[in-house]
Amino acid sequence: MSYFPADMPRPEPTMDEARFWDYCSKRSLRFQSCAHCGTLRHPPIAMCYRCHSCETDYVEAPTEAEVYSYTVVHHASHPAVAMRLPYVVAIVEFPKMPGVRLITNLTDIDAGGVKIGLRCSLWWDDIGEGMFIPRFRPVDA
Amino acid sequence: MRKERSACLVGMGQSEYTRWGGITDRSQFQVAAQAVAAAIEDAGLTAAEIDGFASFSDDANSGAQMAVALGAPNIRWSSMVWGGGGGGSIGALSQATAAVESGQAEAVVVYRGLCQGQSRRFGQANPARAGASFVNPFGLFAPPYMLAPLVRRFMHRYPITELHLAEIALNGRANANKNPKAVMHDKSLTLEDYLNARWISEPLRLYDCCLETDGACAVVVTTRERARDLPHPTIEVLAAVHGSGPQWGHGPLGSHNMPDADYASSNSRELAKTLYAKAGVAPSDIDTAQIYDHFSGLVLMALEEYGFCGPGESGAFVESGAIRWNSGKLPINTSGGQLSEAYVHGMNLLAEGIRQLRGESTAQVPNARLCLVTGGLGVSPTSSAIIGRV
């Protein structure tokens, strides 16, 4: 059972986003970095904003992150999320890999317990057809 | 020469405003065209004198079609500002201002028609959104959810409370209650109502979020020389700017990767400095402001970034009554704004700015001479103008 029902929108990567999601399908969270100067960037984009190189590497992210900000969603603006209300969307960053933030869901927590700075760890949500979505839960959950 | 060609706002027109789905007897294009025609008539001009159109937000009501509908015989210029939402509302005004002042056009209509009952509700999931793969699979579907984390971080960083968010909503409603054309004219709102309303996306409750409406609004920009012969008091565009800080192109509506120093902001800090420098005035000179109120918290941020109070002081500022009509030092969103008048992607805020400087607002600031108007906040580009009665 995936975290959201099967009618939840799935990733539909553009050409520039495809490698990020290819890695996700292998349960590997990797951020795009510039092969020339090493600058991390997210979401994936065609050119390095520092040196204009279009050569990229994909760097494995740490499995532990911190909540940078978040919202608790109470209103279903898509039918798929109605059974999950309220759910937490978190913006997380990686203290061991500064420079990128990821939008994700914080699961396995009461909505009232979410705080900025909360430490959380990665888990992979199997949404079928070979795709996995990176979500997080509190490290002590 | 420069002064003779200074851009002036000489006309404004609007449709009726209704809740989304309220306009069913006419197409969105017709509603927009009627607002444009009303603005031209209000200006005392004819369609033959209009030679440019500007809009924004991927407006489906194209300028080429508008020229056909109006019978404008000689279009010399047109423009649309990149970016969705209302970020480009005053951006379109800044384009029109540049066109008129440079001589590329003589009279430009800036307009927006937005009938959410006929197009799509902006509060719903949008599969066509750029970067959709990084938001939709996580349930971050639409602007209220996307901007809520900025407001959360803002409240984490500064002494901003739910009562301060409430004050933005209550101010808008009080002003709408005085404006017969506002969608929420007949509906009162108390602090208790506000606090008891359901959460949309914490920390935003129902009344922190703008309306979803049907309507259209348009303004006419021409030179100061031409404006002198037209019926209304001359209102000059002292400065109109649009722009963005770094990385906001994948900001709140993307993947929230703008710089930390800018995160809990409306993306206006640098733009505000440019605006005041170009206009040659200071925040303390502004008599009233129409600040893009898609979400209450962003208005608080903008009050700080546009220099009406210091960083983190917007809560205390609004708590002091500063933004209220008839007593505060900076009445804002005097038509009810987008929380309570209508959501026309900010064009209705510009129209209210014009009414204030003409002395025609239903919450008139006595002898208002200078008005700040902003475009959509927290997006790229955002935009703003200072307009003044000459």
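# Working through a two-chain model

In chain B, residues 24 or more positions apart account for 79% of the contacts with a separation of 6 or more. Keep in mind that this is a predicted model. The exercises below start with whole chains and then zoom in.

## Exercise 1: Chain B as a whole

Work out what chain B is built from, and check its radius of gyration against the value for a compact globule.

Solution. Step one is the inventory: the secondary structure amounts to 14 helices and 12 strands. Step two is the extent: the C-alpha atoms fill a box of roughly 55 × 45 × 40 Å along the principal axes. Step three is the check. For 390 residues, a compact globule would come out near 21 Å, and chain B has 19 Å, so the two agree. Step four is burial, where 63% of the 390 residues count as buried.

## Exercise 2: Chain A, same routine

Now do this for chain A: which elements does it have, and in what order do they run?

Solution. Chain A has one helix and eight strands. Reading from the N terminus, the order is α-β-β-β-β-β-β-β-β, with the helix leading. The C-alpha box here is roughly 45 × 30 × 25 Å. With 141 residues, a compact globule would have a radius of gyration near 14 Å; chain A has 16 Å, which agrees. Buried residues make up 33% of chain A. As for contacts between residues at least 6 apart in sequence, 56% join residues at least 24 apart.

## Exercise 3: A small sheet in chain A

Find the strand order of the open three-stranded sheet in chain A, and say which strands stand at the edges.

Solution. The order is β2-β1-β3, and the pairing is antiparallel. That puts β2 (40-41) and β3 (56-60) at the edges; each has a single partner strand, so one side of each is left without a neighbour in the sheet. Now look at one pairing: β1 (residues 30-34) and β3(A) are joined by five bridges and run antiparallel. To pin down the register, take A:Cys34, whose bridge partner in β3(A) is A:Thr56.

## Exercise 4: A strand with two partners

Start from strand β11 (residues 370-374) of chain B. Is its pairing with β10(B) parallel or antiparallel, and what about its pairing with β12(B)?

Solution. Begin with the strand itself: β11(B) is mostly covered, with four of its five residues buried. Next, go to strand β10 (residues 288-290), which pairs with β11(B) in the parallel sense over three bridges. One of the matched pairs is B:Ala289 with B:Leu372. Then turn to strand β12 (residues 382-389), where the pairing with β11(B) is antiparallel over five bridges. There, B:Val373 stands opposite B:Ala385.

## Exercise 5: Two helices crossing

Describe how helix α5 (residues 162-176) and helix α11 (residues 296-305) of chain B pack.

Solution. Two numbers do the job, because packed helices are described by the angle between their axes and the distance between the axes. Here the angle is about 100 degrees and the axes are 8 Å apart. That makes α5(B) roughly perpendicular to α11(B), since angles of 65 to 115 degrees fall in that class. Now list who does the touching: α5(B) uses B:His164, B:Leu165, B:Ile168 and B:Ala169, while α11(B) uses B:Ser296, B:Gly297, B:Val299 and B:Leu300. Sorted by class, that gives five nonpolar, three polar and no charged residues.

## Exercise 6: Where the chains meet

How many residues of chain B are in contact with chain A, and which element of chain B gives the most?

Solution. First the count: 32 residues of chain B are in contact with 31 residues of chain A. On the chain B side, α4 (143-157), β6 (199-201) and α8 (251-255) each supply at least two residues. Of the elements, α4(B) gives the most, with six residues. By class, this side has 15 nonpolar, 13 polar and four charged residues.

## Exercise 7: One residue in the contact

Locate B:Ala125, decide whether it is buried or exposed, and list what it touches.

Solution. B:Ala125 sits in the loop between β5 (107-115) and α4 of chain B. It has 23 other C-beta atoms within 10 Å, so it is buried; the cut-off for that is 20 or more. Leaving out residues up to four places away in sequence, B:Ala125 touches A:Pro9, A:Ser77 and A:His78 in chain A, plus B:Asn136, B:Phe141 and B:Ala142 in chain B.

Definitions and conventions:
Residues are numbered from 1 along each chain as its sequence is written. Chains are lettered from A and ligands numbered from 1 in the order in which they are written. This is a predicted model: local features need pLDDT of at least 70, side-chain atom pairs count only at pLDDT 80 or more; totals for chains, interfaces and linings use all residues. A residue is buried if 20 or more other C-beta atoms lie within 10 Å of its own, exposed if 12 or fewer, and partly exposed in between; C-beta atoms are placed from the backbone. Two strands pair if DSSP finds at least two bridges between them. Two residues are in contact if their C-beta atoms, placed from the backbone, lie within 7 Å. Ala, Val, Leu, Ile, Met, Phe, Trp, Tyr, Cys and Pro count as nonpolar, Asp, Glu, Lys and Arg as charged, and the others, Gly among them, as polar. The radius of gyration is taken over C-alpha atoms; the globule rule is 2.2 Å times the number of residues to the power 0.38. Axes are lines fitted to C-alpha atoms, for helices over the stretch in contact, and angles run from 0 to 180 degrees between N-to-C directions. Angles under 35 degrees count as roughly parallel, over 145 as roughly antiparallel, 65 to 115 as roughly perpendicular and the rest as oblique.
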